[in-house]
Amino acid sequence: MRSFSLLALIAAASLTASAAGAQNPNLPQADQNPAHQMHYSQKSPMAASGNPVVGGAEMYPNRNIVQNAMNSKDHTTLVAAIKAAGLVDTLSGPGPFTVFAPTNEAHAALPAGTLDTLLKPENKAQLVKILTCHVVAGKVSASDLSTWIDKNNGAYKITTLGGCVLTATKDDAGTIWLTDETGAKGEITIADVQQSNGVIHVVDKVLLPAA
């Protein structure tokens, strides 16, 4: 029942975001600081599509989150988890969604046996919870996050579809960091990978809910 409730929440959030056009006029305007805008564009090679290259593959803005993630050799574990959690159809839907996408290395850094345990059918609800702690309703760019961090005294709290709260901060170079509910921090290493149904930001940490 818990898994069903989370999936229903995602579907409802998707409809709400779509109805609002994925734009909230009450949110701060995007960060126009050229140094911040250039920071991520200079960190990753850009493909002809205008998107950053992820996992050695071109990311196509006319394909959805799952389709692009499947092409990244750095996200095979994430894709396997999405399939095991039954979230393929949801994250292929209209959204829009913002996904903080952990790499294979991020998953490998989990305690030994954690991933194998989560992928078991009897632990599906827990897997759905963790995955949806990486998903936000609506399309949120790195410049949006930068602005909201500045307007909230250097730390902006993000409520995910899984109910987890992530805290976004940034360093002097403009790199954005996410702190999960356990206090662990992950870096957005590649930002603003545009999708037909939202945006992906690659992160180097699996973001976990409180125990």
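**Note on helix α9 and its surroundings**

1. Helix α9 is followed by Asn 153, a residue whose phi is positive, with a value near 60°. The model is a predicted one, and this backbone angle should be read with that in view.

2. The helix itself, which spans residues 142–151, is mostly covered, with 7 of its 10 residues buried. The buried positions are Ala 142, Asp 144, Leu 145, Ser 146, Thr 147, Trp 148 and Ile 149, a list that includes charged and polar residues such as Asp 144, Ser 146 and Thr 147.

3. The count of aromatic pairs comes to 1. This pair is formed by Trp 148 and Tyr 156, whose ring centres lie 5.1 Å apart and whose planes make an angle of 50°, an arrangement classed as tilted. The angle is neither under 30 degrees, as stacked would require, nor over 60, as edge-to-face would require, and the pair is therefore tilted. Both partners, Trp 148 and Tyr 156, are buried.

4. Lys 170 lies in strand β4, which covers residues 165–170, and its side chain makes polar contacts with two residues named here. One contact, of 2.5 Å, joins the side chain of Lys 170 to that of Ser 146, a residue that is buried in α9; another, of 3.1 Å, joins the side chains of Lys 170 and Asp 150.

5. Lys 170 can also be placed relative to the aromatic pair: Lys 170 and Tyr 156 are 14 residues apart in sequence, while their C-alpha atoms are 9.9 Å apart in space. Tyr 156 is the residue that pairs with Trp 148, and Trp 148 is among the buried residues of α9.

Key
Residues are numbered from 1 along each chain as its sequence is written. This is a predicted model: local features need pLDDT of at least 70, side-chain atom pairs count only at pLDDT 80 or more; totals for chains, interfaces and linings use all residues. Side-chain values use heavy atoms; hydrogens and water are left out. Buried means under 20% relative accessible area, exposed over 50%, partly exposed in between (1.4 Å probe, protein chains only). Helices (H or I, at least four residues) and strands (E, at least two) are DSSP runs, numbered from the N terminus. Rings of Phe, Tyr and Trp (its six-membered ring) pair if their centres lie within 6.5 Å; planes under 30 degrees apart count as stacked, over 60 as edge-to-face and the rest as tilted. A polar contact is a pair of N or O atoms within 3.5 Å; within protein, one must be able to donate a hydrogen and the other to accept it, and residues adjacent in sequence count only if both atoms are side-chain atoms.
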